[in-house]
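Work through the exercises below with the model open. Try each task before you read its solution.

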Amino acid sequence: MTVHIGPVGPEHAGEIMTVQRAAYLTEAQAHDVLDLPPLAETLDQIKASLELAFGAWLGPRLVGSIRGRVEGTRMQIARLSVAPDMQGQGIGKALLNALTEGRPDNVDTLWLIIGTRSFGNIRMYGNAGFVQTKTGVDEMNVPIVFMEKKVISRSG
């Protein structure tokens, strides 16, 4: 069966929450912090953040999602989630590509924050052209890496 990538909306928020919590549980365990923000995000918060978002479906099942947060000419890649049993099959890369292609025309920089122990995800983003720009520690005391990728603005 083929995975289909397409836009998601508020009607998908419950499914997004389910996949997100399953996906981020392994991240929380890797970083020894079980109350990461993606695990505490409410249904209403998810619904409110789907202005620019894509999902991945295997038949009727949502198996992944991603969101973008645009500020001026920059877009944050947020909440990339793939169901644990579907990871390692290129779904995350396909979602990242869909969001990159679906960005507003004036966006020229993509960026994200990721935990330093998310080795596979850091590798995936690196393979997609993201570079580490700085490191730090977030409000949960988790060591993090900031990554960024320049893209060509499509606006005149």
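**Exercise 1. Find what covers the buried residues of helix H1, and follow the helix along its length.**

Solution. Start with the cover: it includes helix H2 (37-40), helix H3 (43-48), S3, S4 and H5. Contact here means heavy atoms within 4.5 Å. Helices (H or I, at least four residues) and strands (E, at least two) are DSSP runs, numbered from the N terminus. This is a predicted model: local features need pLDDT of at least 70, side-chain atom pairs count only at pLDDT 80 or more, and totals for chains, interfaces and linings use all residues. Residues are numbered from 1 along each chain as its sequence is written, and side-chain values use heavy atoms, with hydrogens and water left out.

Next, list the buried residues of H1: Ala13, Ile16, Met17, Val19, Gln20, Ala23, Tyr24, Glu27 and Ala28. Buried means under 20% relative accessible area, exposed over 50%, partly exposed in between (1.4 Å probe, protein chains only). An α-helix has 3.6 residues a turn, so residues three or four places apart point the same way.

Now check the length. H1 has 18 residues and spans 25 Å from its first C-alpha to its last. The expected value is 26 Å at 1.5 Å a residue, taking 1.5 Å times one less than the number of residues. The two are close.

Then look for a bend. H1 has a kink of about 25°, centred on Tyr24. The bend at a residue is the angle between axes fitted to the seven residues ending there and the seven starting there. Finally, step off the end: just after H1, Asp32 takes a positive phi of about 55°.

**Exercise 2. Which residues touch the most other members of the largest nonpolar core?**

Solution. Define the core first: a set of buried Ala, Val, Leu, Ile, Met, Phe, Trp, Tyr and Cys residues joined through side-chain atoms within 4.5 Å. This core has 38 residues. Ile66, Ile77, Leu95, Tyr125, Phe130 and Met147 touch the most other members.

Trace the sources. Elements giving two or more residues are helix H1 (13-30), strand S2 (53-58), strand S3 (61-71), strand S4 (74-82), helix H4 (91-101), strand S5 (109-115), helix H5 (119-127) and strand S7 (143-150). Another core, of eight residues, lies apart from this one. Its members include Ala28, Val33, Leu39 and Ile144.

Take Ile66 as a sample. Beyond its neighbours within four places in sequence, Ile66 contacts Leu52, Ala53, Phe54, Ile77, Ala78, Arg79, Leu80, Leu95, Leu96 and Leu99.

Turn to H4. Its buried residues are Ile91, Gly92, Leu95, Leu96, Ala98, Leu99 and Thr100. They pack against strand S1 (3-7), S2, S3, S4, S5 and H5.

**Exercise 3. Classify the aromatic pair, then find the charge over a ring.**

Solution. The structure holds one aromatic pair. The ring centres of Tyr125 and Phe130 are 5.4 Å apart and the planes lie at 75°, so the pair is edge-to-face. The rule: rings of Phe, Tyr and Trp (its six-membered ring) pair if their centres lie within 6.5 Å; planes under 30 degrees apart count as stacked, over 60 as edge-to-face and the rest as tilted. Both Tyr125 and Phe130 are buried.

For the charge, go to Phe146. Lys134 lies over its face, at 4.6 Å from the ring centre. The test is NZ of Lys or CZ of Arg within 6 Å of the ring centre and within 35 degrees of the ring normal.

**Exercise 4. Arg79 and Asn141: is each buried or exposed?**

Solution. Begin with the backbone. Most residues other than glycine have a negative phi, and most peptide bonds are trans. Arg79 has a positive phi of about 55°. Asn141 also has a positive phi, near 70°.

Place them. Arg79 lies in strand S4. Asn141 is in the loop between strand S6 (131-137) and S7.

Read the accessibility. Arg79 is buried because its relative accessibility is 17%. Asn141 is exposed because its value is 61%.

**Exercise 5. What does Gly55 contact beyond its neighbours within four places in sequence?**

Solution. Locate Gly55 in strand S2. Gly55 is buried, at 0% relative accessibility. Its contacts are His4, Ile5, Gly6, Val8, Leu62, Gly64, Ser65 and Leu95. Now pick out Gly6: the two glycines are 49 residues apart in sequence and 5.6 Å apart in space, C-alpha to C-alpha.
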